[in-house]
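Subject: Structure for you to look at

Hello,

I am passing on a structure that you have not worked with before. My notes follow it.

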Amino acid sequence: METIDSVLSEADRAWRAYGVSSADRRVLAADLRLDLAAAAADGGDPMQLVGGDVAGFARRLADEAAVRRVRPEYHRLLLTALAGALLGSLLGAGIFTALYPLLVHLIDIPRSIEIPVQVAVVVYYGVPAAVVVAGAVTAVRLRLRDLPQIRRTALLMSLLLPAAGIVVTPITMAYAWSTDYSTAPEVLVVEVVMVLAALAGATVLARRLSVRERRRATGATPDAAVEPA
């Protein structure tokens with residue numbers, strides 16, 4: 001049984017890497033377990049059924065079962081989102097520079113008109129952050145049109161990236177406070193890494209959620225499908 005379980009674990013890893021959905025993996029694993037158990041009951045070695053290449057055998061099973069595959073393409077997704085975020089940050093910096101005099105003016109306006117500090121903070125930080133998120137989402141949506149479910153991925157990114165920013169901001173601020181707001185290079189690097197890790201995690205989660213379940217779309221398999229722009 002230990003051999004059967006080890007084969008199934010390796011096969012499941014191969015199916016994951018092959019882009020097989022969780023529902024299809026469960027079906028394939030159940031069928032493979034029955035075949036391996038039958039081979040063992042006949043006095044044979046279950047490993048002889050799959051040969052020396054478990055991953056290759058698992059991929060052949062998936063192909064024979066004609067399961068639909070969705071490849072997450074996390075590497076391409078993260079690189080594209082990062083490039084879009086960098087472009088967005090440049091644009092956000094320009095917007096920030098343009099808004100700075102206006103913010104100073106709002107602070108100096110007569111006291112008869114009070115502007116809540118929360119509003120100033122939202123404008124001061126929120127507008128550049130929104131541009132960064134928009135840059136990442138737009139880059140993913142336009143540059144990765146060949147990936148299946150990319151429209152859903154971009155939609156989830158537009159929701160999860162701001163949420164990740166809201167979560168990581170107080171954490172980063174707390175770290176900065178713990179260092180007495182040091183501007184040492186190593187401190188700044190840690191802060192940047194914290195923010196990038198949060199945004200990367202939100203991006204991967206968006207993609208994972210978009211491809212997790214079996215796709216009900218008809219027609220070509222997701223490997224060959226290209227979503228309309």
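**Helix α7 and the cores**

Helix α7 bends by about 30 degrees at Met 157; the bend is the angle between axes fitted to the seven residues ending there and the seven starting there. Helices here are DSSP runs (H or I, at least four residues), numbered from the N terminus. The model is predicted: local features need pLDDT of at least 70 and side-chain atom pairs count only at pLDDT 80 or more, while totals for chains, interfaces and linings use all residues. Residues are numbered from 1 along each chain as its sequence is written, and side-chain values use heavy atoms, with hydrogens and water left out.

α7 covers residues 150–178. Asp 180, which follows α7, has a positive phi, near 60 degrees.

The buried residues of α7 (under 20% relative accessible area, 1.4 Å probe, protein chains only) include Ile 150, Met 157, Leu 161 and Thr 172. Thr 172 counts as buried because its relative accessibility is 12%. Beyond its neighbours within four places in sequence, Thr 172 is in contact (heavy atoms within 4.5 Å) with Glu 191, Met 194 and Val 195.

The largest nonpolar core (buried Ala, Val, Leu, Ile, Met, Phe, Trp, Tyr and Cys residues joined through side-chain atoms within 4.5 Å) has 19 residues, of which Val 140, Met 157 and Leu 161 touch the most other members. Two or more residues each come from α5 (74–108), α6 (117–143), α7 and α8 (185–211). α7 gives the largest share, seven residues.

A second, separate core of 18 residues includes Ile 4, Tyr 18, Leu 32 and Phe 57.

Regards

How values were computed: The expected span of a helix is 1.5 Å times one less than its number of residues. Buried means under 20% relative accessible area, exposed over 50%, partly exposed in between (1.4 Å probe, protein chains only).
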